[in-house]
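Opened the notebook to go through this one feature by feature. I'll start with a proline loop and work outwards from there.

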Amino acid sequence: MTHMLHAAARRVQWSRASAAKRAACLLAAAYGLKILYPIIRRRMKRAGCKGGWQDAGRAEEGREAPHRAGRRGRASPAVNAEFFKQLLELRKLFFPKLVSAELGLLCLHSVALVSRTFLSIYVAALDGKIVKSIVEKKPRSFVFKLIKWLMIAIPATFVNSTIRYLECKLALAFRTRLVDHAYETYFANQTYYRVISMDGRLANPDQSLTEDIMMFSQSVAHLYSNLTKPILDVVLTSYTLIRTARSRGANPIGPTLLAGLVVYATARVLKACSPKFGKLVAEEAHKKGYLRFMHSRIIANVEEIAFYRGHKVEMKQLQKSYKALADQMNLILSKRLWYIMIEQFLMKYVWSSCGMIMVAVPIITATGFADDLEDGQKQAMVSERTEAFTTSRNLLISGADAIERIMSSYKEVTELAGYTARVYNMFSVFDEVRRGIYKRIAVIQGSENNSKNEDKAELHIDGPLEIKGEVIDVDHGIICENVPIITPNGDVVVSRLNFKVQEGMNLLITGPNGCGKSSLFRILSGLWPVYEGVLYKPPPQHMFYIPQRPYMSIGTLRDQVIYPDSVDDMHEKGYQDQDLECILHMVHLYHIVQREGGWDAVMDWKDVLSGGEKQRMGMARMFYHKPKYALLDECTSAVSIDVEGKIFQAAKAAGISLLSITHRPSLWKYHTHLLQFDGEGGWRFEQLDTAIRLSLSEEKQRLESQLAGIPKMQQRLNELCKILGEDSVLKTMDKEE
């Protein structure tokens, strides 16, 4: 009786433990169903709700920040016909001709992948023979096959290392091709300027030129390796398994159909549950680029931020940008978590169980492994079964791993679609900008902009700007005939501009801020297009532009003077260091040669030279290049008046025609003509009478000083009236009027 009670108690305990396990499994299944059901439901309803989602997406994008405006109107990156079209276009950059180093690397890589597949099949067969020798208890055969197995490991490991080496070499070769082509187009026809200033589709070209090209090249090379070898593995292992089964009298149709059904079902489930990795990766790359842009912006304006003590504002901007990137990365990680969980469950456990069935059925049903034999023959048959099972199992594992890599590669393909879209878009923007096709995305403004008056509304052109003007290079003179000044945003600063500057004339350009002075220089330099009219101007080598903040390049002190020439160009022009010293004497800058250690000194000249020294360095470049026309945009505002006058006088003596934007009356005497803008679209071009203009300027300053005191005098008069309790005579006169 006691034994019966103990047995019943044990059964009750076992039932409780079993019930607890079952309850835990049910809870896990319910939680998984709760997580997966919304995903599957959204996938099933996508076709019906696609239009609504697109409208909602457009409405959401309309509320996004301006730096995201360039991506509006473009479809999300995905594995579709557009992706394959873009990839084929970029393929022409990878392989520009039939015989190339890249194609040779690709062929070597393919040979290494094929060799690795045949080695895998050979090693699988050798594993089966080793197990057979163990079952048959043949130590000599076992040692011989083991040594053979170790010997084959030497070429196998070499091939594995070669595959990785060639993959990296292929990625580097692809990147080099893309970078070379990108740099050629980026620096052709001043595309680097036009992409930033004239076009608004690329928010961060530096991101596209560096990280996007790198990630795209690595993804293409890795994906080729990850797809070519698995496909070859599947084909060869399947052929080997079917041939082995038929040689033993087994029917391979059933296991083959089972494998196809399982792979098809897995592919359908993974496709239904797969997030849009292409769109997610493209968005992550954009946020990385924007974060880098914020850092570079702080570095470029570090002194101004420090003076304003704006570190808190800039830190908040950086934290906001990083938080957006971190949120995007967390979103990708969370989506990958559930996707990889489903992927591993299907490919590891479901496929393993099916693989057992596929290996067992041919061995059980094969007529070549019959059991109606004598004892000695049975022992031999067992060893043959073991060999067949081991070989088939290894081959099946190899084939399953290959199929798993092919299935997993879909996620990598979608990520490649994101990189492909960004790189292809970069090249297409470069090509269009180089051909003069500009597209700027207008940022949606509030309703307060509608309160602008009609005159201002008429001075703006909506839609793409059509270039109808003509630029003609001439040897002498600058002539503008009905040339408008239109900004890249479509604002018409001046509707029609007509003037003529001949050699020997020196033009002074004045006007309020934003009236088009610097914009005219951009048109004359060829940075902005001529939308209408005709512009006659000398070739670019006969014109030299000097901005208010001269650019200091990386290099020696000599490189700063001769920029953008090289030392070889300098020698071809017949210049020596002694000639450069004379030029520095002209701009009162020779002292920096001794101060900084000679012509070959290399420093960060942007920080070493003061503001006035950098401006004088810009004027030194003008004397070095000796252009026919110099465009001077407030280029001596930080230079003392006496040195400034000597530099202008030396420029006139050198026969350089000056087109100057300046607010210093002391420089008026070095100019012969005046181009004055009124800031409302009007202008006048006339001969400059310096004496009359100086007298008018003095009278203007005198009146300004007198009128500046009127408000204070009026305030004091009101205070005296209150103290005395009397009215002012001026107030009485105002009432009578």
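**Entry 1: the proline loop.** I began at Pro-564, which sits in the loop between helix H14 (557-562) and helix H15 (567-572). I checked the peptide bond leading from Tyr-563 into Pro-564 and found it cis, with omega near 10°. Note to self: this is a predicted model, so every value here is computed from predicted coordinates.

**Entry 2: the pocket by Tyr-563.** Tyr-563 turned up again when I looked at the second largest pocket: along with Tyr-192, Tyr-193, Leu-527 and Tyr-551, Tyr-563 is among the lining residues that lie nearest the centre. The full lining runs to 39 residues. I looked up which elements give two or more residues to that lining, and the list is helix H5 (191-197), helix H6 (205-247), helix H8 (277-300), helix H13 (517-524), strand E6 (543-546) and helix H19 (611-625). The space in this pocket is about 1800 Å³. By residue class I got 22 nonpolar, 10 polar and 7 charged for the lining.

**Entry 3: positive phi away from glycine.** Two residues went on my list here. His-588 has a positive phi of about 55° and is not a glycine. I placed His-588 in the loop between helix H16 (577-586) and helix H17 (591-595). Buried or exposed, or in between, for His-588? It is partly exposed, because its relative accessible area is 31%, which falls between the 20% and 50% cut-offs.

Glu-634 is the other entry, with phi near 50°. Its loop runs between strand E7 (629-633) and helix H20 (641-653). Glu-634 has a relative accessible area of 15%, so I put it down as buried; the cut-off for that is under 20%.

**Entry 4: the cavity by Glu-634.** How many cavities of 30 Å³ or more are there? The count is 1. About 30 Å³ of space lies in the largest cavity. Glu-634 is part of its lining, together with Leu-632, Cys-635, Thr-636, Phe-648, Ser-660, Ile-661, Thr-662 and Leu-667. I sorted that lining into 5 nonpolar, 3 polar and 1 charged.

**Entry 5: the E2/E3 hairpin.** Next I followed strand E2 (residues 478-486), which pairs with E3 in the antiparallel sense over 6 bridges. The two strands make a hairpin with 5 residues between them, and Gly-490 in the turn has a positive phi of about 95°. I picked Val-494, in strand E3 (residues 492-501), as the residue to chase. Its bridge partner is Ile-485. Val-494 has a relative accessible area of 0%, so it is buried.

What does Val-494 touch beyond its neighbours within four places in sequence? I found Pro-484, Ile-485, Cys-515, Phe-677, Gly-681 and Trp-683. Phe-677 is 183 residues away along the chain, yet the two C-alpha atoms are separated by 8.8 Å.

**Entry 6: a serine in a loop.** Ser-100 lies in the loop between helix H2 (81-94) and helix H3 (101-135). I noted Ser-100 as buried, since its relative accessible area is 13%. Leaving out neighbours within four places in sequence, its contacts are Phe-95 and Arg-177.

**Entry 7: whole protein.** To finish, I pulled the totals. I have 23 helices and 10 strands, and 38% of the 737 residues count as buried. Of contacts between residues at least 6 apart in sequence, 77% join residues at least 24 apart. The accessible surface comes to about 42900 Å², with 59% of that belonging to carbon and sulfur atoms.

Note on methods: Residues are numbered from 1 along each chain as its sequence is written. This is a predicted model: local features need pLDDT of at least 70, side-chain atom pairs count only at pLDDT 80 or more; totals for chains, interfaces and linings use all residues. Side-chain values use heavy atoms; hydrogens and water are left out. On a 1 Å grid over the protein atoms alone, a cavity is a set of points where a 1.4 Å probe fits but cannot get out, and a pocket is an open set with protein on both sides within 12 Å along at least five of seven lines; lining residues have an atom within 4 Å of a point. Grid points are joined across faces, edges and corners, and a volume is the space filled by probe spheres set on the points. Helices (H or I, at least four residues) and strands (E, at least two) are DSSP runs, numbered from the N terminus. Ala, Val, Leu, Ile, Met, Phe, Trp, Tyr, Cys and Pro count as nonpolar, Asp, Glu, Lys and Arg as charged, and the others, Gly among them, as polar. Buried means under 20% relative accessible area, exposed over 50%, partly exposed in between (1.4 Å probe, protein chains only). Contact means heavy atoms within 4.5 Å. Accessible areas come from the Shrake-Rupley method with a 1.4 Å probe; for residues, only the protein chains shown count as cover. Two strands pair if DSSP finds at least two bridges between them.
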